[in-house]
Amino acid sequence: MRLVLEKRERRLKRMSLLIPLFSFILSLLIGAIVLAASKADPIQAYAAMAKGAFGNARRFQYTVVEALPLLICGLSVGIAFRLRFWNIGAEGQFVWGAIGVTWVIQFWTFLPDPLLLPAGILVGMIAGALWAGIPGVLKAYWAVDETLTTLMLNYVAIGVAEYLYIKAWKAPKGILGTPEFPEFTQLSQVWGKVHSGVFIALALVVILWFLLYKTTWGFELNMIGKNPVAARYQGVSIEKSIVIALLISGAIAGLAGSLNTVAITHRLTRGVNAGYGFTGIIIAWMSNLNPFASIIVAIVMASLTTGADALQIAMKLPESMGAVLQGLVLIPLLAGSVFHDYHLKLIREEE
Amino acid sequence: MDFITKLLAVTIAMGTSLTYATLGEIYTQKSGVLNLGMEGIMLMGALSGFATAFYTANLAVALLVAILTGGLFSLIHAFLSVTMRANQVVSGLSITLFGTGLANFLGQRLGPESNNFNLVGMNLSSKFDNIAIPGLESIPVLGAFFDVSILTYALYLIIPFSWFFMYKTRFGLAIRAVGESPKTATAMGLNVSAIRYLYTVIGGMMAGLGGACLSLSFTPSWNDGMTGGKGWIVIALVIFAGWNPGKAVIGTLVFGGITSLQFSLQAAGVKMVIPTQFLAIAPYLITFFTLSVMTIANNNRKGAFAAPSALAVPFAIDDK
């Protein structure tokens with residue numbers, strides 16, 4: 001007798017809910033072992049995390065603020081993933097968004113004040129789009145491997161940002177980084193700590209859902225990802241679609257970067273590469289590339305970070321517990337994703 | 001001359017860690033598995049090696065623990081990407097996230113109570129010291145190659161051996177067959193899954209060892225995220241070497257050299273014409289251009305440079 005994986009006749013709808021849920025629970029269980037092994041009470045620790053992330057309105061606001069860049073980055077890589085384009089460069093595109101918005105706000109002072117913020121966000125998006133466009137063009141026309149190029153470009157972007165805030169654009173005095181943005185270019189807060197970027201993020205979810213599920217463009221993207229040969233027979237230009245999808249993907253990651261800069265840091269400074277682009281990949285994967293599901297997943301992922309911050313204060317446990325859990329949640333999820341297309345079968349071998 | 005010798009010494013010390021991990025990743029990728037978890041695995045190797053050396057004062061045991069830890073983490077990746085046919089990019093990324101998170105977490109939990117359970121700031125009673133070979137070490141400049149730790153001396157044997165193993169033995173042939181065309185490999189009677197498991201785990205062990213080189217020899221200490229992106233440079237180095245274990249060392253010397261040049265110039269008080277940040281991104285830019293140009297050139301004519309054809313493609317023998 002042996003167990004084998006057999007291909008399912010068709011994908012099961014309920015699996016796309018069951019697998020992430022089961023994975024999350026499993027990762028909490030494994031996390032509990034890590035906690036117990038390091039002499040901390042897992043139940044107490046998880047309770048402290050939950051309280052830290054959702055305990056009161058203020059805590060929840062922090063979680064939402066943390067979730068916004070994750071959500072937007074998740075949407076960004078999700079578009080590329082539909083094409084099976086493994087964009088792991090959202091981190092770099094995010095950084096370019098921050099650089100773009102800083103450039104405009106610091107140097108485009110010839111613009112009338114109210115135009116500075118929208119122009120900055122727009123330039124940030126363009127910068128992100130171009131940064132993603134380079135590996136897009138290389139992949140589309142010359143088949144250059146995109147996982148490696150997007151990854152390398154992340155470090156180039158981070159290096160450029162460091163050069164700018166440590167040397168070229170550094171504020172003459174005060175803390176490390178560029179000068180603080182003038183108040184009229186900072187995003188206003190709409191609910192406690194939550195800034196108006198939340199409306200942009202939610203609008204983006206609706207727009208992308210519409211584009212991906214209700215338009216020919218979205219249909220073509222799916223087709224290219226699932227069956228490029230058929231797509232080509234249908235007259236779809238795969239090269240053009242890859243480049244366009246990557247420009248959009250990069251623009252969205254750039255949007256995340258520029259929003260975080262005008263809403264949170266108010267300057268280009270250390271920590272601009274906080275890993276949102278990388279975590280965005282988990283968001284896209286867990287939500288099965290569905291924009292609406294991304295909202296929930298982003299909140300859950302963000303709660304692991306804000307919860308871990310609280311864990312450090314409440315129980316003196318290292319905040320890296322958040323990263324442990326974020327990484328852990330993917331492992332059973334990936335192992336489980338095979339059950340979308342396969343099921344276990346027991347085969348009795350004839351003697 | 002003295003400056004160059006010192007530069008070379010730092011380059012070799014830094015390159016040792018990179019070379020172990022790069023050789024490991026080359027073997028993994030040649031068998032068709034892309035392991036982007038190197039950063040996390042190296043950091044876990046650095047942590048487990050350091051913690052073991054701290055409590056046992058036995059460097060051999062520390063190395064062994066680091067190697068086993070690296071093997072264990074890559075086993076997760078092998079399970080996900082070979083058995084479960086998961087996406088290897090996402091799987092590798094999850095290993096890196098999990099590994100870096102866990103290493104940083106444990107680094108603040110495994111320490112002595114007197115230091116608030118923190119391993120940061122602890123010193124080792126013994127570390128891998130440099131051993132000079134009398135005579136050879138006094139050769140101008142190149143003498144730097146003969147005043148290194150045992151970890152580096154071991155590489156002088158491991159590098160040629162891994163080249164020989166890959167290109168001149170039937171085991172190497174099997175790895176390449178599995179990475180290039182798993183279907184043909186199966187027809188040849190090879191067990192694709194077993195071979196991929198084996199070399200993914202070996203690759204992870206080498207990465208764990210590479211991480212331990214950092215915490216037991218190069219900078220004998222533990223610090224949060226002390227690999228500082230070296231695991232990602234490894235991915236770049238594999239491409240730079242064109243998946244050839246014999247060429248891995250060229251890349252690690254070039255890249256190690258650029259990094260140590262930064263420190264050496266700063267330490268020597270040289271006014272920098274090129275900002276240090278641009279020196280720091282040079283390895284990544286070089287890799288980016290190497291990969292792009294080589295791939296484009298390879299599209300036009302059948303060249304020797306190419307990633308293994310079946311890299312990151314899951315293989316299921318039962319699929320029709």
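Helix α5(A) bends by about 30° at Gly133(A), and a proline, Pro135(A), follows within four residues. The model in which this bend appears is a predicted one. The length of the helix was examined next. Helix α5 of chain A comprises 30 residues, from 113 to 142, and at 1.5 Å a residue it should span 44 Å; its end C-alpha atoms are 44 Å apart, so the expected span and the model agree. Just after α5(A), Ala143(A) adopts a positive phi of about 60°.

The packing of α5(A) against α6(A) was then considered. Two packed helices are described by the angle between their axes and the distance between the axes. The axes of α5(A) and α6(A) cross at roughly 155° and come within 10 Å. Because angles over 145 degrees count as roughly antiparallel, α5(A) is described as roughly antiparallel to α6(A). The crossing of α5(A) past α6(A) is right-handed. On the side of α5(A), the contact is made by Trp131(A), Ile134(A), Pro135(A), Leu138(A) and Lys139(A). The partners contributed by α6(A) are Glu146(A), Thr149(A), Thr150(A), Leu153(A) and Ala157(A). By class, the residues of this contact between α5(A) and α6(A) comprise six nonpolar, two polar and two charged. Pro135(A), the proline that follows the bend at Gly133(A), is thus also one of the residues of α5(A) in this contact.

Both helices also take part in the interface between the chains. In total, 41 residues of chain A are in contact with 42 residues of chain B. At least two residues of the side of chain A that touches chain B come from each of β1 (2–7), α5, α6 (146–168), α11 (276–286) and α13 (321–341) of chain A. Of these elements, α6(A) gives the most, with 13 residues. The side of chain A that touches chain B has 29 nonpolar, eight polar and four charged residues.

Two further elements of this interface, α11(A) and α13(A), pack against each other. Their axes come within 11 Å and cross at roughly 35°, and α11(A) passes α13(A) in a left-handed crossing. Thr279(A), Ile282(A), Trp285(A) and Met286(A) of α11(A) meet Gln326(A), Leu330(A) and Leu333(A) of α13(A). The contact of α11(A) with α13(A) has five nonpolar and two polar residues, and no charged residues.

A further helix pair is formed by α8 (residues 216–226) and α10 (residues 238–265) of chain A, which pack at an angle of about 110° with their axes 11 Å apart. Since angles of 65 to 115 degrees count as roughly perpendicular, α8(A) and α10(A) are roughly perpendicular to each other. The crossing of α8(A) past α10(A) is left-handed. In α8(A), the residues Glu220(A), Leu221(A) and Ile224(A) meet Ile238(A), Ser241(A) and Ala245(A) in α10(A). The residues of the contact of α8(A) with α10(A) are divided into four nonpolar, one polar and one charged.

Notes
Residues numbered from 1 in each chain as written. Chains lettered and ligands numbered in written order. Predicted model: local features only at pLDDT ≥ 70, side-chain atom pairs only at ≥ 80, totals over all residues. Expected span 1.5 Å × (residues − 1). Bend = angle between axes of the 7 residues up to and from the residue. Contact = placed C-beta atoms within 7 Å. Nonpolar A, V, L, I, M, F, W, Y, C, P; charged D, E, K, R; others polar. Axes fitted to C-alpha atoms, helices over the stretch in contact; angles between N-to-C directions. Parallel < 35°, antiparallel > 145°, perpendicular 65-115°, else oblique. Left-handed = near helix turned anticlockwise from the far one by under 90°.
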